[in-house]
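The following note sets out some points on the structure shown below. It deals with strand pairing and with the contact between chains.

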Amino acid sequence: MTRDEADTKLRELARETAAAAKGYIEKALQPIVAGYIAGELSLGEARERVMDLAELSSPRIDLMLSTQKRRAQSIGQLASQDRVQRELYPAWRLVRNAWRGKPRTDWPERWAAAGASCGFEGALQNDFIALKDSPIWAALGRGEGGFRDTLGDPFPPFAFGSGMGWRRVGREECERLGLI
Amino acid sequence: MTEISVKVDVPQLDGVAARLSSQARQGLALVVANEIKETVREHLFSYAPTHHRTAALLGARPTGNLEDATVEARTDGEGAVVEVGAMGIRRALVPLTIRPRNKHWLTIPKHPLAYGRSVANLKSDDGIDVFRPRGKNYLAFRENGDSKFATVLYVLAKRAVLKHEPELLPTAAELSAAGAAAARQYIFGG
């Protein structure tokens with residue numbers, strides 16, 4: 001990914017986040033406004049509900065913002081992949097790099113399904129390591145195997161609210177593992 | 001953002017680097033800065049999930065300040081400058097004294113409910129009535145509607161010192177070695 005592509009992707013991400021937040025708030029506001037217009041709610045009740053809505057939605061909005069920030073971090077990581085980075089560190093390792101209260105435990109199944117979909121091209125079967133250009137990353141992002149919480153990106157966090165990320169794997173280790 | 005300046009010294013490359021065109025030298029500086037940035041980023045991300053001492057002590061949800069760090073790099077005439085944006089990251093360089101901004105007191109969390117959350121959050125998210133008992137330097141609430149006893153949420157302080165935590169960032173030697181490896185790769189290829 002070039003820097004220009006990364007900039008474009010980040011702009012798309014910001015637009016997408018704004019649209020999602022707007023959609024969520026509009027959807028939640030609709031019945032309150034409708035109730036007020038229909039006279040089912042007094043102005044005071046409608047105001048209370050709007051205030052409750054702002055409070056109730058904050059964890060969800062936090063999660064949305066955090067997911068988008070992690071996507072942006074990965075885009076930054078991809079934009080940093082110059083020739084030297086690709087030579088020194090040809091692969092990524094998928095690791096947990098953010099704490100989660102209830103972490104997903106199905107990453108081995110996700111990895112197996114994504115790998116099976118591309119014949120583990122440039123990827124290890126027994127460890128979450130794959131070459132940077134392996135199709136397994138796109139397969140993980142597509143949710144191969146029927147995982148429906150994925151974001152469609154070929155980069156972390158792969159799934160909504162996930163705390164997974166990439167770490168670089170050096171050339172020597174890649175050679176030792178038989179990846180190159 | 002906290003800036004970390006790194007001077008990459010590779011004596012055996014000096015002669016070669018001097019013979020590079022100005023464009024190639026600029027490319028070299030960028031590659032080195034990029035490598036140092038990635039090294040800092042990886043270090044932070046590998047350190048972050050293990051660095052939840054206070055949260056663990058209180059049984060609270062970590063704030064994720066380090067996990068959300070942003071790392072940028074640029075070059076100047078001397079070498080690479082890495083900028084790290086994360087709350088309190090300056091304690092990696094020096095002990096950090098924090099003071100209240102626009103308020104009279106710092107609120108130091110002493111209860112899982114309080115960790116990583118402001119008094120306003122507690123009120124708006126959980127409807128918790130936070131109060132300051134007369135003459136006391138803490139904020140409290142009445143747990144389960146108990147009217148007799150108050151549970152401490154925050155201790156009030158005029159300042160707090162975060163201890164120096166150099167391990168938050170890679171050492172200068174590690175950064176220099178990473179930069180040197182990138183420089184060698186850039187010049188001699190592979």
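1. In this predicted model, strand β6(B) pairs with β7 of chain B, residues 151–157, in the antiparallel sense, and four bridges join the two strands. As background, the strands of a sheet pair through backbone hydrogen bonds, either parallel or antiparallel.

2. Two positions illustrate this pairing. B:L139 stands opposite B:Y154 of β7(B), and B:F141 has B:T151 as its bridge partner in β7(B).

3. Which side chains of β6(B) are buried? B:L139 and B:F141 are, and they point to one face, whereas B:Y138 and B:A140 point to the other face and are not buried. In general, side chains of a regular strand alternate between the two faces of the sheet.

4. The wider setting is an open sheet of three strands in chain B, ordered β5-β7-β6 with antiparallel pairing. β5 (106–109) and β6 (138–141) of chain B stand at the edges; each has a single partner strand, so one side of each is left without a neighbour in the sheet. On average, neighbouring strands of this sheet are turned by 30 degrees against each other, direction ignored.

5. A separate point concerns the contact between the chains, to which chain A gives 17 residues and chain B gives 23 residues. On the side of chain B that touches chain A, the elements giving two or more residues are α2 (22–47), α4 (119–126) and α5 (172–188) of chain B. The largest share of this side, eight residues, comes from α2(B). By class, this side of chain B has eight charged, eight nonpolar and seven polar residues.

Key
Residues numbered from 1 in each chain as written. Chains lettered and ligands numbered in written order. Predicted model: local features only at pLDDT ≥ 70, side-chain atom pairs only at ≥ 80, totals over all residues. Contact = placed C-beta atoms within 7 Å. Nonpolar A, V, L, I, M, F, W, Y, C, P; charged D, E, K, R; others polar. Pairing = 2+ DSSP bridges. Axes fitted to C-alpha atoms, helices over the stretch in contact; angles between N-to-C directions. Buried ≥ 20, exposed ≤ 12 C-beta atoms within 10 Å, placed from the backbone.
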